[in-house]
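These entries record what I looked up in the structure and what I found.

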Amino acid sequence: MQETPPCARNWKVVSGAFLAIFVLAGLANAQGKNLIQSFYSDLLASYSSEWSPQPGQALRGADRISKASSEDIRTALPAILATVTHRDARIQSFGALAVYAVGERSDGAELLKPYLSSIATLFDSDSRLQLTCAAVLSTMKPAPPAEVVPLLTAFVEKADRDTRAQVHAISALLRVAGPRPEVVRAITTFFSRPVPSAVKADALNALGTPRATDPRLWNIAIQGLGDSSVAVRMTAPQVLRRMGPEALQHATPALEAVINRKGEAAEVKRFVREALQVPSQSR
Amino acid sequence: MSYEADGPRGLQAPFSPAVAGKWKGSMWHVDDTRTSLITVGNAGANPTTAAMVLYYGQNESYELRQKLAPGEQMWADVAQIIRTQLPDINGRIIPPDTHFGTYDLLDLDNGSLGQLYEGKLTIDRKYGYAVYGCAMCCLERATMYPSSIYGHQGAKSPVAVRVVNCEGTIDDRQGFSWASQNPTIVSIPLTGVEAGHESPGDTSLGAIVTLVKQGQKYCSPFNVGVNGAASTLPPQTFQVQYASYIPVDHIDGPVVCTIGDFSTPLIYKGDAGRGTFRTAEAITVSVGVNQVSGFIADTGETRNYGTGSPANGSTLSGMDEDGIQYDCRLWNNKGKASPAQFAQQVTFPTLQQAQVLFYGESSNPLEAPAPINWSMRTVIDAPPAGSSSAYANFNHTCYPAHQIKVNNQLVYLYTPPRNDGVFLTNCLLLHLDKVIGQSNTVTVPSN
């Protein structure tokens, strides 16, 4: 059966929206103004040490982006990138949300590609911005360009960055690049460092994809079955299940050991049983 | 009484035949024709502390204290005190232009059963007349205090005997021989102090207290009984529930599902109309007995769907559940986040109030972390009589919806205005626009 392309169902809506944007953009251009550029330029111009953001202000800027023309976005991007690289993290938040909104557009990857290195400077900022940066680089539409891979692997390998943001990057790397050697190396480096159990559970979840076909990644999940944290032990069998039949087969002895483990939490055993019941040939 | 042989100066030295713990003195005078010498003695068998308080002017006072051995007396020459500006125990002096006032004598160690006797010498150059004070043994009245007690099962209530003397001065004492008409409802030890609310019902408490009354020579003690009502109310129990949920049928996921060269957007199942949730905490508290039970922390199942969903064109339904995982078509994947990091803290600042703090964070287990977080304090006021009420102090991410219920009564509800990716990034990645404040107080049912 032939699938209907997912974007086709929204075509009428999208074409209607384009018409409206075209009219609005024409009006703005007629006045010699680019509203998005103005928003971020004005933000930078009005910045002072006493400045503080208003509730919803970052959203008001980003919301204009989805409706704007590609040309208006290109014109506005230098101003947006100036907020991304600003010294004040609050201003950077505006820029980070804006580039995320650009990346959400169907032409997002193309628009952002010239600025990937500038966007990656957010990896040197606070944890929220690191997390958002990982999201921007990994979710831009229609697909992140290959140039994001070295930026993400370099970030994951750093020992002094926010571990949650690094988990986000791991998830993106497996999705964008699959288990390439440099990706597996970055992931094993990450798991070789001590991380809080809650983050470790999230990191395991990030490995839970059929694209994690490298046995070294399976072994990381298998080690999670013996972790001291219930949250991690509960996550590990789910992750193995999501990795696919080969990973499950590889992990079967370790999973059976959990079933026989005295004092193990019922919730953990439930997920292990669920994983073991998956037929090895099914998808 | 004696007089100068060659002049009009006379001396009176009247001593009262009674002993008491408090004497309300009459007037003292210091002027050209009169001066007063006031004395107080210890008629008891043990040492005691006597206080002599001189009142003058509008509301001014001057106090002397002295430890008196049995039989010992304390003297005060009022004229000399004024003339030499002698400071009292508080460092105060009587101004030189003061000419009259009143006085009290007090037995500080033995209260109303004190053993002081009074004497006063008034040297009156004109009339040679002295007036002495009277012992304060006027009738005391006693009641149980509070006059009735009530509390929830398991609680304790303080109880005492309130004695009011003839001047209206209140003295709360414990009395003795405390007893309950029905100790299975409200119990109390013989020595009183605190009654225990054992089981629902009504009963009464009683005690004996020793008061004093004026005798012929002495203030004499007598015993009197007091009593009052005592009730035990059933404990008031409240279940506090917190939940976060996606308030629509489904939302767009941030990434695409890819198999080989095929990619499709993913959607995530929401909670609207399904009674499901993303994160939840619940606990039961019993106000009055300070009991906590039944802590529950849980997460809802996360399910995502690929191309072809929603199969009915609008909402996810059974038609989307094809049971085939990881194929990017219809139902694609599921996961369950761990609630191990969810926490609670319960305090009972008073016997009528409980405060429940829920806090934690959780991420979609099928995506990179973008944590929902919350810190929700629910304050429940449950007076023994009248209706119970609750309000919430909230601090949470601006996505998804968050709510607090107490015994199924909605106390707080936040519904996000949007469900799109930019808004979620604003709320869950950048943690901008966090929602912080206090809800209105609402009446809640009690169990």
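In which strand of chain B is the place of B:L266? I worked from a predicted model. I located B:L266 in strand 22 of chain B.

**Entry 1: B:L266 and its surroundings**

I next asked whether B:L266 is buried or exposed. I found 22 C-beta neighbours inside 10 Å, and B:L266 therefore counts as buried; the cut-off for that class is 20 or more. I then listed the contacts of B:L266, leaving aside neighbours within four places in sequence. They are B:G253, B:V255, B:V256, B:C257, B:N304, B:Y305, B:G306 and B:N332. I also looked up B:W331, which is 65 residues from B:L266 along the chain. The C-alpha atoms of these two residues are separated by 9.6 Å.

**Entry 2: the sheet that holds strand 22**

I traced the sheet through strand 22 and noted an open arrangement of 4 strands of chain B, in the order 21-22-25-26, with antiparallel pairing. Strand 21 and strand 26 of chain B each have a single partner strand, so they stand at the edges and one side of each has no neighbour in the sheet. I noted an average twist of 30 degrees from one strand to the next. For strand 25 (residues 301-305) and strand 26 of chain B, I recorded 5 bridges in an antiparallel pairing. Within this pair, B:E301 has B:K336 of strand 26 as its bridge partner.

**Entry 3: the sheet around strand 20**

I turned to a second open sheet of chain B, which has 5 strands in the order 24-23-20-31-32 and antiparallel pairing. Strand 24 and strand 32 (409-414) of chain B are at its edges; each has a single partner strand, so one side of each lacks a neighbour in the sheet. Neighbouring strands here are turned against each other by 10 degrees on average, direction ignored.

How many of the 10 residues of strand 20 of chain B are buried? I noted 8, and strand 20 (residues 236-245) is thus mostly covered. I then examined the two pairings of this strand. Strand 20 of chain B is joined to strand 23 of chain B by 9 bridges, and the two run antiparallel. In that pairing I noted B:V285 of strand 23 as the bridge partner of B:F238. With strand 31 (residues 401-406) of chain B, strand 20 pairs in the antiparallel sense over 6 bridges. There I found B:Q241 opposite B:K405.

I followed strand 23 (residues 279-287) of chain B to strand 24 (residues 291-299) of chain B and recorded 7 bridges between these antiparallel strands. One bridge partner is B:A297 in strand 24, for B:E281. B:A280 stands opposite B:D298. The two strands form a hairpin with 3 residues between them. In the turn I noted that B:G288 has a positive phi of about 100 degrees.

**Entry 4: chain B as a whole**

I recorded 2 helices and 34 strands for chain B. Of its 447 residues, 40% count as buried. Among contacts in chain B with a separation of 6 or more, 65% are between residues 24 or more positions apart.

**Entry 5: the contact between the chains**

I looked up the contact of chain B with chain A and found 31 residues from chain B and 41 residues from chain A. On the chain B side, strand 21 (250-259), strand 22 (262-269), strand 26 (331-336) and helix 2 (421-429) each supply at least two residues. Helix 2 of chain B gives the largest share of that side, 6 residues. I noted 14 nonpolar, 14 polar and 3 charged residues on the chain B side.

**Entry 6: helices of chain A**

I checked helix 9 (residues 148-157) of chain A and listed its buried residues as A:V148, A:L152, A:T153, A:F155 and A:V156. They lie on the same side of helix 9 of chain A because they cover an arc of only 160 degrees around the axis. Their cover includes helix 7 (116-119), helix 8 (127-139), helix 10 (163-176) and helix 11 (181-191) of chain A.

Finally, I compared helix 14 (residues 230-243) and helix 16 (residues 266-276) of chain A, whose axes come within 9 Å and cross at roughly 10 degrees. These two helices are therefore roughly parallel to each other. Residues of helix 14 of chain A that meet helix 16 of chain A include A:M234 and A:L240, and those from helix 16 include A:F271 and A:V272. I recorded 8 nonpolar, 1 polar and 3 charged residues in this contact.

Conventions. Residues numbered from 1 in each chain as written. Chains lettered and ligands numbered in written order. Predicted model: local features only at pLDDT ≥ 70, side-chain atom pairs only at ≥ 80, totals over all residues. Contact = placed C-beta atoms within 7 Å. Nonpolar A, V, L, I, M, F, W, Y, C, P; charged D, E, K, R; others polar. Buried ≥ 20, exposed ≤ 12 C-beta atoms within 10 Å, placed from the backbone. Arc of directions from axis to C-beta. Axes fitted to C-alpha atoms, helices over the stretch in contact; angles between N-to-C directions. Parallel < 35°, antiparallel > 145°, perpendicular 65-115°, else oblique. Pairing = 2+ DSSP bridges.
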